[in-house]
Number of protein chains: 2
Amino acid sequence: QQQNDQNQIHVEMINGEMVEDDSDKDKAKLKRKRYIENIVREDPFYRQLKPWSYCSVEEQYETALTKHIHVKKQIEKHGLTDRNDMMIYKQSAFPNETDPIGINTGMFIPTLEQQGTEEQKAKWLSLAYQEKIIGTYAQTELGHGTFLRGLETTATYDPKTKEFILNTPSLSATKFWPGGLGRTSNHCVVVAQLYTQGKCHGIHIFMLQLRSLEDHSLLPGIENGVIGNKFGFGTNDNGYLKLNSVRIPRENMMMRYSKVLEDGTYIKPENTKVTYGVMVLVRSFIVRGAALHLAEACTIAIRYSAVRRQSELTPGGIEPQILDYQTQQYRLFPLLSTAYAFHFASTNMTETYERISKQIEAGRLDQLPQLHALAAGLKAFTTYAGSAGIEVCRICCGGHGYSHASGLPKIYVCAVPGCTYEGENTVMMLQVARYLMKCHRTKQQGKSLSGFVSYIGEPMEKNSRMDDEVSFTCIVKAYKHRAARLIEEAAKQMQSFIQSGSPAHEAWNKSSVQLFLAANAHCHLFCVQNFIDSIRNCKVDSNTSKVLNEVCQLYGVHGILENLGEFMQDNFLTGQHAEYLQKKMLTLFDVMRPNAVALVDAFDFPDHILQSCLGRYDGQVYQALYDYAKMAPMNQTEVHSTYYTHLKPLMSADSKL
Amino acid sequence: QQQNDQNQIHVEMINGEMVEDDSDKDKAKLKRKRYIENIVREDPFYRQLKPWSYCSVEEQYETALTKHIHVKKQIEKHGLTDRNDMMIYKQSAFPNETDPIGINTGMFIPTLEQQGTEEQKAKWLSLAYQEKIIGTYAQTELGHGTFLRGLETTATYDPKTKEFILNTPSLSATKFWPGGLGRTSNHCVVVAQLYTQGKCHGIHIFMLQLRSLEDHSLLPGIENGVIGNKFGFGTNDNGYLKLNSVRIPRENMMMRYSKVLEDGTYIKPENTKVTYGVMVLVRSFIVRGAALHLAEACTIAIRYSAVRRQSELTPGGIEPQILDYQTQQYRLFPLLSTAYAFHFASTNMTETYERISKQIEAGRLDQLPQLHALAAGLKAFTTYAGSAGIEVCRICCGGHGYSHASGLPKIYVCAVPGCTYEGENTVMMLQVARYLMKCHRTKQQGKSLSGFVSYIGEPMEKNSRMDDEVSFTCIVKAYKHRAARLIEEAAKQMQSFIQSGSPAHEAWNKSSVQLFLAANAHCHLFCVQNFIDSIRNCKVDSNTSKVLNEVCQLYGVHGILENLGEFMQDNFLTGQHAEYLQKKMLTLFDVMRPNAVALVDAFDFPDHILQSCLGRYDGQVYQALYDYAKMAPMNQTEVHSTYYTHLKPLMSADSKL
Ligand SMILES: Cc1cc2nc3c(=O)[nH]c(=O)nc-3n(C[C@H](O)[C@H](O)[C@H](O)COP(=O)(O)OP(=O)(O)OC[C@H]3O[C@@H](n4cnc5c(N)ncnc54)[C@H](O)[C@@H]3O)c2cc1C
Ligand SMILES: Cc1cc2nc3c(=O)[nH]c(=O)nc-3n(C[C@H](O)[C@H](O)[C@H](O)COP(=O)(O)OP(=O)(O)OC[C@H]3O[C@@H](n4cnc5c(N)ncnc54)[C@H](O)[C@@H]3O)c2cc1C
């Protein structure tokens, strides 16, 4: 079916490992990925599970636990010891859903590893690895998520018994949201305000046992449950927790950095920046997720648009593939290019993280702030654009996009909380802005900037020299100009508020829209520049390279057109340039059209991950939609029970009751 | 709680009836609305229902039927005979959800009324009114929604038996999506290709009984069921239908306009435009819905933002209401202004529809195309912006926005299919564009245009004379200029393709992005201009008038900034103007801040319609979130059953299985 479409490229690209330097290595990786995905595909266990969209939340949770146990066995059985192999298996087994025990591996264990002393690690780590205890990470409270210093849970040291007393002093201090906290976990690390010797020392982390290892009953003083149903995340029992004078031994405070001695003396940590590393890592995972989610949605919408035929292009002619409508291309092709851009951004972030981690270990922390800002910014930039893009893909599928059969709603509700957790997006963008302002000041003081921010405050051309070719050089210059200008503007605005007497924090808030826009432009520039750099380094045949260049050019061109005012405001781009760009965009649609399906096939998502009747590789969408309908629980009887209880009485009632 | 906020206005405005000419009439309407809403609020029946978000799809459906029966009784009991009264009651009883029997009233009966002969109406109408039969409207098929001429279901006349034979000739011809078709309806009107005397005469409408009135069993040749779970619409059993040579009497074809005589002779209808009226009406309801949904979301997000406190504005100061962050205002205030703009647009549409309906009845059809285009365009414009806006509101609530407790996901999934049904949005915009091109040609031929489109092709100023006041006059001129320019551009582009040899349909498709943008700008202009006109006519006190003017100005200013490139491309606006606009926007945020809560209170949504822990009038959000959590089915036992079946075995298993 898909084969209808001509295909000028042979890209054996894998998302996650797309076309790196070493193509042999790439091929081996692709083979390995497919090998592991095939294990899942061919495992009858997965096929007999009730489809996700027909499960109640309670069934989703139970199914997820069933899967967790099965996954564990299979990973052992197939000897998947490599981290990457395990991740591929798990993603295949939990497509666009979370494992309720996932936080044990994803947050509980890492916290122990990084914040625990050797004794603490010896005591809990192997239990957690073996899942003899199941832990989660309890930070957010009803009243506080973003503002960690505002957390209200207290841990008060009692030197008499050498214990901490954990308390939830108010309703808003109730822990709320932690994954797996509701019914799964029997342990958690709790973030709480440390009080000792009558003084508060800010937030610290404590190990807390929640439930008995004998019978899972709640330990004294603990109230705990799920937070109730959500937009998505049905497989996860996100929970709440109230603590009523719960005593834990002094040894339960994570004491690698800060310490409380037996007598209650508090010892400060030496360096507070060390935890930055983990945040960067987690955010780089989120960027990767944003890229993957958008790529999945594009795969579904573009494949379906090549199968779906509707309306007329030529009067009386056969109905065209809807992908032939220019408006359909206008909505989908820029998103496809965005998925590629985010893929490369995520790859870059992971590589940078690894490089810088080594520097950190060697005690060199100077690159950390830059990386930290980039991670925060890209997290926000990609999750915003990615999740909005998924909905565009869904709406592009017409009515069927709204059915769970399309697979798209599930991707959306899984992707969109990425805008919120691990740092709310607006707050993240403002963090980036703070860093950019710092850079700007540094530059103003005559010092130079290194790395990606070095363009800030540099002298620049006043007008673009773009012509109708719209070269990469001109594209990058335009994005640089825009970001630099917006950063400059924001700095000026702050300055002028301060000069007219506003205190710094007020000037900050009054400039924060401008600051947000500056940070956004900075992240956008990164994605464009990095895309261009990445495909330059790709070792692919000339045809593939040509196609990737087109995709990249579209990303750059469309991004300018979407934000045209910001590029035109100081006349850097003119109306004439805008015309070049508009023409270029339409030309790129034409040249990309024959490769569009191949470009999503290259993401290499197997059908069992997409779980989409519309995005099937074989194009048999109508049969699949029909089969999906047949499976609905309400179709299992010809006459539904509500006929007897509701409709029959309704229809036979006297009209004037 | 909300009372924290100063409030300079006393607007007794109701959504739907906001500030009209006659303020006494308005007050009476508001009183009546509250009276009816109170009946629902105080009815213990609604309070004992299981909350929507804790219901499985099957429970949602059953609850909806239970409600339907209760609603019917209550409407009779309270003597609500006025159409508007009934609507208020129903909206209160089905907040952001659909009644599975709703299509009987909304589509089945109207189709009968408009397309049926007197005999047909006599036969079925009163049965349908009394719900002794329950009908739906079966148009969309697996393979065709937008392109009605492509529908594949056939109705072949057999003169021997004087019957039509209904058939589903292929899988893709399966009827798919009709509301209430899955398990509720026993009748439907089917849209099918009429064949008689060996010729196809295009689509016509037929009455079909689906199920026995005795026992609800399916009649011979009929296969029918629900289409399976969806993103939302859980209360509705949207269904599918396959017909295998189902015979219906000749009298079951809706014969008010077209006819098939006993011998099979086909008689053409006299006028095909008569059905336009209904489409306009339905679309005006959708615009109203878009306005309401966005207003609900704004109410929740803005009230919550006045209660939620997070982070610091002044170092060490108390945590501010998050509504004090400029970035929060930047995301919410323009949406608030959009909700007002859409409200007024919807009011205008309803009024115009009523005015023009009278003209149509008097045989004057000349205004119909203009109204038809406006309805299509506003439907698309408001549902796009409205549903995207709801998600912005949700994300502005941070983590709690993602819980169903916020009420926001329910509003979103109820609103967003408005982009798709009753005319897919992109297709609608292109219809508007087609009309605009026709207007443009008319003008080029030297004829004049009347009504709202009269600005097209008029000579215009080349540069804006906007200053830092940003007057309404300058705002309207800018939007007019933009729309006129984009219409001109699209026409030129089409022209140039045609001149270089493209056939018209190809030129159309190659210009369709440009056409889409032109139509969009046209609709945007309408909303701006109509907002300004509407508040000019409002009879309100001077304070309220001032506030409404500010809201309106923000709508105009923000819309320009969001699409700045389109206003700057031909230098109509300059960088200097952009700066005025940006400053103005920030100033408007400041002046709107104290009235923001009052402005959403003025929408007058009672708590039981919002169903939101975050949007409660009393501001007790944390208690409400906690209570919501407590109600979760999984919290009804301290240890969930999966502990015994899953966790215990997992934790006690040997690590090396
Ligand atoms: C699916 C999901 C899973 C989660 N899992 C976990 C988990 O496992 N463990 C855990 O501890 N937590 C978890 N959370 C909670 C999550 O970490 C928080 O929701 C997140 O940190 C955002 O904080 P908040 O909800 O307090 O948002 P808020 O800070 O209340 O944000 C609300 C609004 O205020 C604005 N705002 C706040 N501060 C500022 C500022 N300084 N400047 C400008 N604007 C501001 C924001 O931009 C936003 O628009 C989860 C949440 C979700 C949705
Ligand atoms: C919640 C819900 C309830 C519904 N209820 C009913 C009901 O009660 N009764 C009923 O009969 N139907 C119902 N429908 C179906 C609905 O009417 C159709 O989904 C709708 O008409 C859109 O048609 P489609 O699905 O064929 O979209 P498609 O036409 O397949 O659209 C897919 C894509 O193709 C593009 N496209 C199509 N044609 C063109 C063109 N000519 N030019 C450019 N682009 C084009 C569109 O822009 C879109 O991006 C319902 C649907 C939903 C989601």
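Mentor: Let's begin with a rule: two strands pair if DSSP finds at least two bridges between them. Keep in mind that this is a predicted model.

Trainee: Good. What makes strand 7 and strand 8 of chain B count as paired?

Mentor: The two are joined by 5 bridges and run antiparallel. Pairing needs at least two bridges, so strand 7 and strand 8 of chain B qualify. One of the bridges links Ile222(B) with Leu243(B) in strand 8 of chain B.

Trainee: Which strands of the open sheet in chain B are called edge strands, and why?

Mentor: That sheet has 3 strands in the order 4-8-7, with antiparallel pairing. Strand 4 (175-176) and strand 7 (222-226) of chain B are the edge strands, as each pairs on one side only. Across strand 4, strand 7 and strand 8 of chain B lies helix 21 (residues 621-630) of chain A, at about 110° to strand 8 of chain B.

Trainee: And in chain A, what makes strand 4 and strand 8 a pair?

Mentor: They share 2 bridges in the antiparallel sense. The cut-off is at least two, so strand 4 and strand 8 of chain A meet it. Phe176(A), for instance, has Tyr240(A) in strand 8 of chain A as its bridge partner. The open sheet here also reads 4-8-7 in chain A. Its edges are strand 4 (175-176) and strand 7 (222-226) of chain A, each with a single partner strand, so one side of each lacks a neighbour in the sheet. Helix 20 (residues 621-630) of chain B lies across strand 4, strand 7 and strand 8 of chain A.

Trainee: How do you know whether strand 1 and strand 5 of chain B pair in the parallel or the antiparallel sense?

Mentor: Their 4 bridges are in the parallel sense, and one of them joins Thr136(B) to Cys188(B) of strand 5 of chain B. From strand 1 (residues 135-138) of chain B, Gly135(B) and Tyr137(B) point one way, while Thr136(B) and Ala138(B) point the other, and all are buried.

Trainee: Is Thr154(B) buried or exposed, and how do you know?

Mentor: Buried means under 20% relative accessible area, and Thr154(B) has 15%, so it is buried. Thr154(B) belongs to strand 2 (residues 154-158) of chain B, and the residues it touches include Ile165(B), Pro169(B) and Tyr195(B).

Trainee: How many disulfides are there, and how do you know?

Mentor: Searching the whole structure finds 0 over all chains. A disulfide needs two cysteine sulfur atoms within 2.5 Å. The sulfur of Cys414(A) is 12 Å from the closest cysteine sulfur, in Cys419(A), so that is too far for a bond. For Cys419(B), the closest is in Cys396(A) at 11 Å, which is also too far. At 0% relative accessibility, Cys419(B) counts as buried.

Trainee: Why is the site of ligand 2 called shared?

Mentor: Because residues from chains A and B surround ligand 2. There are 31 of them, with Arg308(A), Arg331(A), Thr140(B), Thr146(B) and Glu424(B) the closest.

Trainee: What makes the approach of Thr146(B) to ligand 2 a polar contact?

Mentor: A side-chain N or O atom of Thr146(B) is 2.5 Å from an oxygen atom of ligand 2. The limit is 3.5 Å, so Thr146(B) passes. Arg331(A) passes too, because a polar side-chain atom lies 2.7 Å from a ligand 2 oxygen. Gly145(B) uses a backbone N or O atom, 2.9 Å from an oxygen atom of ligand 2.

Conventions: Residues are numbered from 1 along each chain as its sequence is written. Chains are lettered from A and ligands numbered from 1 in the order in which they are written. This is a predicted model: local features need pLDDT of at least 70, side-chain atom pairs count only at pLDDT 80 or more; totals for chains, interfaces and linings use all residues. Side-chain values use heavy atoms; hydrogens and water are left out. Contact means heavy atoms within 4.5 Å. Axes are lines fitted to C-alpha atoms, for helices over the stretch in contact, and angles run from 0 to 180 degrees between N-to-C directions. Buried means under 20% relative accessible area, exposed over 50%, partly exposed in between (1.4 Å probe, protein chains only). A residue is near a molecule or strand if one of its heavy atoms lies within 4 Å of it. A polar contact is a pair of N or O atoms within 3.5 Å; within protein, one must be able to donate a hydrogen and the other to accept it, and residues adjacent in sequence count only if both atoms are side-chain atoms. Lists of a residue's contacts leave out its neighbours within four places in sequence.
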